[in-house]
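Visitor: I would like a close look at one helix and at what packs around it. Please keep to computed geometry.

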Amino acid sequence: MYPLRRNRRLRTSESMRSLVRETIISPNDFIVPLFVVEGKGVKEEIASMPNYYRLSLDLLEKEVKELWKLGLKSVLLFVKVDDTLKDNSGKEALNPDGLMQRAIKTVKNAVPEMLVMTDVALDPFSVYGHDGIISDGKVLNDDSSAVLAEMSLSHAIAGADVVAPSDMMDGRIFEIRTLLEDEGFFDTGIMAYSAKYASAFYGPFRDALDSAPVDSKDIPKDKKTYQMDFGNREEAIRETLMDIDEGADIVMVKPALCYLDIVREIKDAVNVPVAVYQVSGEYAMLKAAAEKGWLDHDAVMMEQVTAIKRAGASMIASYFAKDVVKLIS
Ligand code: PBG
């Protein structure tokens with residue numbers, strides 16, 4: 001008596017396995033998040049994100065040239081601004097000579113073909129560390145969306161290819177799309193953080209930008225009135241379909257690993273590219289375990305990014321992008 005099918009035949013050697021492998025990671029899969037600060041020659045390691053740095057504009061220029069040589073062709077910019085520039089209106093976010101606007105120009109000057117995506121949300125500019133404007137202890141939806149649209153336009157004027165609203169206000173994609181069209185920015189893309197969960201995995205990112213919600217009894221202590229509850233599935237589809245209706249070119253699920261079921265469902269439900277953000281806490285977790293010698297860093301990293309792609313990601317925003325590309329090249 002023999003088994004009728006021997007699936008192990010297709011696993012007998014690496015040559016065979018590579019022939020039948022269904023999911024292959026390439027540099028084209030990645031968006032590289034970058035943190036930008038004021039100054040010159042500044043390269044500050046983020047305490048909770050080993051080997052990840054905040055860079056001043058001169059070093060940002062060096063970095064994007066290196067990324068381009070490695071085959072990484074899109075970056076997602078975040079800025080950390082001085083506390084004195086923060087308020088409750090997001091005014092600094094609209095400064096035509098602000099750090100983000102200069103960062104966009106720096107990347108475009110250094111590597112004109114590099115795809116520049118920009119974070120659109122108020123938290124790095126908010127005295128309260130929230131993604132919108134606060135009034136009476138609440139995050140205002142429509143007033144915040146209006147500022148986010150102005151912010152997007154300002155990024156487009158500075159040369160951004162894609163704006164990436166990460167705030168989760170209702171209707172903001174429509175506001176942004178309408179303003180961009182009104183102003184003639186027909187080719188500016190919108191990558192909407194559509195299914196963004198209220199996740200504890202964002203901790204290290206908030207360290208990187210010093211953007212955590214402030215601890216005060218008058219201010220919401222978390223982002224649960226706008227980011228999604230992690231118990232929900234249908235809501236993720238609803239959010240995503242609405243963002244597409246409102247004019248999103250790319251939709252996003254965030255974080256990655258705890259939400260791969262959502263990634264697959266959204267991938268099957270929509271016909272636009274689906275981005276997945278492997279967030280700061282997911283990065284920190286592996287770095288910490290690897291530092292202790294408890295996990296094999298490179299092996300686990302490849303398993304994770306491959307799983308994200310297998311689940312349906314058209315592209316992955318990941319702090320591991322450079323590590324992965326160095327490993328596979
Ligand atoms: C905020 C924003 C966050 C991230 C991207 N944009 C954090 C948050 O919502 O508080 C998280 C990214 C990461 O953890 O890597 N608009």
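Guide: What follows is an account of helix H7, its two sides and its surroundings. This is a predicted model, in which local features need pLDDT of at least 70, side-chain atom pairs count only at pLDDT 80 or more, and totals for chains, interfaces and linings use all residues. Residues are numbered from 1 along each chain as its sequence is written.

Helices (H or I, at least four residues) and strands (E, at least two) are DSSP runs, numbered from the N terminus. Helix H7 covers residues 234-246, which is 13 residues. At 1.5 Å a residue, with the expected span taken as 1.5 Å times one less than the number of residues, H7 should span 18 Å; its end C-alpha atoms are 19 Å apart, which agrees.

The buried residues of H7 are Ala236, Glu239, Thr240 and Asp243; buried means that 20 or more other C-beta atoms, placed from the backbone, lie within 10 Å of a residue's own, exposed that 12 or fewer do, and partly exposed is in between. Seen down the axis of H7, these buried residues fall within an arc of 95° (taken over the directions from the helix axis to the C-beta atoms), so they line one face of the helix. On the other side of H7, Glu234, Arg238 and Asp245 are exposed.

The cover over the buried residues of H7 includes helices H5 (172-182) and H8 (260-269) and strands S9 (189-196) and S10 (250-254); contact here means C-beta atoms, placed from the backbone, within 7 Å. After H7 comes Gly247, with a positive phi near 120°.

Elsewhere, the largest nonpolar core has 94 residues, a core being a set of buried Ala, Val, Leu, Ile, Met, Phe, Trp, Tyr and Cys residues joined through C-beta atoms within 7 Å.

Key: Contact = placed C-beta atoms within 7 Å.
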